[in-house]
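Here is a short tour of a structure, with a few stops picked out for a closer look. Have the sequence and the 3D view ready.

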Amino acid sequence: MSAHSLSELHAVNSFAALPAAFYTRLTPQGLNNPRLLHANTDAAELIGLDPSVLPTPEFLAVFAGVQPLPGGDTLAAVYSGHQFGVWAGQLGDGRAHLLGEVQGPSGGWELQLKGAGMTPYSRMGDGRAVLRSSVREYLASEAMHGLGIPTTRALALVVSDDPVMRETVETAAIVTRMAPSFVRFGSFEHWSSRRQPELLKTLADYVIDRFYPECRESPTGEPLSETAPYINLLRAVTQRTARLMADWQAVGFCHGVMNTDNMSILGLTLDYGPFGFMDGFRLGHVCNHSDSEGRYSWNRQPSVALWNLYRLAGSLHTLVQDADGLRAVLDEFEAVFTRAFHDRMGAKLGLAAWRPDDEALLDDLLKLMDANQADFTLSWRRLADAVLGQRSAFEDLFIDRPAAAAWLDRLVARQAQDGRPAQDVAQAMNRVNPLYVLRNHLAEEAIRAAKTGDVSEIDTLMKLLRNPFVAQPGYERYAGLPPDWAGSLEVSCSS
């Protein structure tokens with residue numbers, strides 16, 4: 001039965017039950033004269049909240065940071081991390097407040113306000129978030145979920161006229177994020193760097209017991225060694241992270257800030273800052289204007305993820321003296337990623353199963369797309385049309401049409417080896433090649449409308465992005481090439 005008030009939610013607050021060193025209990029700094037800009041009924045269902053609660057003053061007060069979550073235990077967590085490859089020391093929730101954890105129909109969900117004021121971990125920040133970045137995160141998490149990619153979710157978007165200084169004066173907003181846990185790689189780095197193995201063990205045991213209980217199970221029935229669960233934890237996180245990277249690469253998603261403090265221990269897409277879905281494809285595409293060295297470019301994301309996993313393993317080495325055992329787990333990353341990537345890309349190419357010689361077919365397509373800056377999403381989506389004989393739909397995306405046509409001949413010949421009807425192949429391709437993604441210009445249009453209080457673009461995007469593989473009549477422009485002005489949009493770390 002759904003809760004018809006927030007007080008009926010079942011709060012559990014497992015993270016708040018950890019020792020006090022893991023966080024600081026504090027009250028959010030709520031927004032003045034807040035307004036609920038948007039609320040997500042799908043996310044509300046996850047915590048068993050009836051949609052009728054969303055437009056109430058009670059809901060607004062809690063998710064504007066004015067009132068505590070009934071039964072919650074508000075806190076900001078501490079962690080550390082490497083930022084752009086450099087050890088940054090102690091970090092923490094500089095503008096996030098964990099309101100509490102709610103037990104929903106399918107498990108526990110932590111509810112976190114992003115932009116609810118300063119915390120002891122704010123460093124030089126003001127603890128606020130702006131409307132621009134909040135709309136982007138609100139939409140992005142739901143877009144990723146629609147694509148079937150593990151992610152945090154978004155429950156509510158609250159706005160205010162409170163001024164916030166960035167490059168210019170903007171207005172404040174709070175986005176409510178949801179996840180089973182917000183523990184990061186940097187949470188482990190924190191206690192390892194401080195040489196506090198007992199607290200590191202407490203954290204590792206908490207994560208294993210709550211999210212990875214299989215790490216304490218023995219496949220042979222023999223008792224596990226004392227350190228085996230921590231090696232198993234690294235293996236589980238490595239596998240989830242490898243598959244997440246394959247997911248990102250397959251849809252042309254760039255995170256933008258893959259610091260260790262932005263890497264989820266659950267393998268979720270976490271912390272949407274200067275992210276981007278590629279328009280024109282570039283192997284070395286950099287979505288973050290602040291990333292002057294291109295460390296987090298699209299083609300480097302898998303290797304950066306492995307680098308981050310090495311930092312996690314280094315932290316766990318405090319508990320596991322077997323460095324070779326930890327290294328052996330990390331050595332599994334490439335095979336897991338490659339298998340997952342080939343599975344996804346083979347499906348996108350309309351192949352029944354991946355074969356070793358398909359590597360050249362894929363590589364040549366990516367090189368062709370890169371040389372022509374062909375639109376990433378539409379290049380893949382229009383392959384299904386080409387398979388059914390409408391070749392110009394695909395070839396029109398390339399300046400070098402003869403090269404595109406020649407590659408297409410190779411694809412059709414390869415698909416013919418599987419012996420499946422072209423109609424079946426095309427339908428299968430359209431089930432994995434999205435038509436709608438959260439392009440920067442679509443997010444920008446939603447932001448501009450939201451500044452006037454108009455949520456119609458957010459409504460439209462939520463509708464399309466929840467089911468991005470199915471064409472919706474009347475929404476053709478949302479699936480078209482970006483307008484010329486989209487090329488001037490920049491996103492950076494200053495959100």
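Contact here means heavy atoms within 4.5 Å. With that in mind, please note that this is a predicted model. The stops below are a helix and its neighbours, a pair of cysteines, and a pocket.

**Helix 8 and its surroundings**
- Helix 8 spans residues 323-330, and its buried residues are G325, L326, V329 and L330.
- These residues cover an arc of only 145° around the axis, so they sit on the same side of helix 8.
- Among the elements that cover the buried residues of helix 8 are helix 6 (228-251), helix 7 (301-316) and helix 9 (333-348).

**The cysteines C254 and C287**
- How many disulfides does the structure hold? The number is zero.
- For C254, the closest cysteine sulfur is the one in C287, and the 4.9 Å between the sulfur atoms is too far for a bond, because a disulfide needs them within 2.5 Å.
- Seen from the other side, C287 is likewise in no disulfide, with the sulfur of C254 as its nearest cysteine sulfur.
- Are these two residues buried or exposed? C254 is buried, at 0% relative accessibility, and C287 is buried too, with a relative accessible area of 10%.

**The second largest pocket**
- The second largest pocket holds about 470 Å³ of space.
- Its lining has 21 residues, and those nearest the centre of the pocket are D279, G280, H285, A486 and G487.
- By type, the lining of the second largest pocket comprises nine nonpolar, eight polar and four charged residues.

How values were computed: Residues are numbered from 1 along each chain as its sequence is written. This is a predicted model: local features need pLDDT of at least 70, side-chain atom pairs count only at pLDDT 80 or more; totals for chains, interfaces and linings use all residues. Side-chain values use heavy atoms; hydrogens and water are left out. Buried means under 20% relative accessible area, exposed over 50%, partly exposed in between (1.4 Å probe, protein chains only). Helices (H or I, at least four residues) and strands (E, at least two) are DSSP runs, numbered from the N terminus. The arc is that of the directions from the helix axis to the C-beta atoms. On a 1 Å grid over the protein atoms alone, a cavity is a set of points where a 1.4 Å probe fits but cannot get out, and a pocket is an open set with protein on both sides within 12 Å along at least five of seven lines; lining residues have an atom within 4 Å of a point. Grid points are joined across faces, edges and corners, and a volume is the space filled by probe spheres set on the points. Ala, Val, Leu, Ile, Met, Phe, Trp, Tyr, Cys and Pro count as nonpolar, Asp, Glu, Lys and Arg as charged, and the others, Gly among them, as polar.
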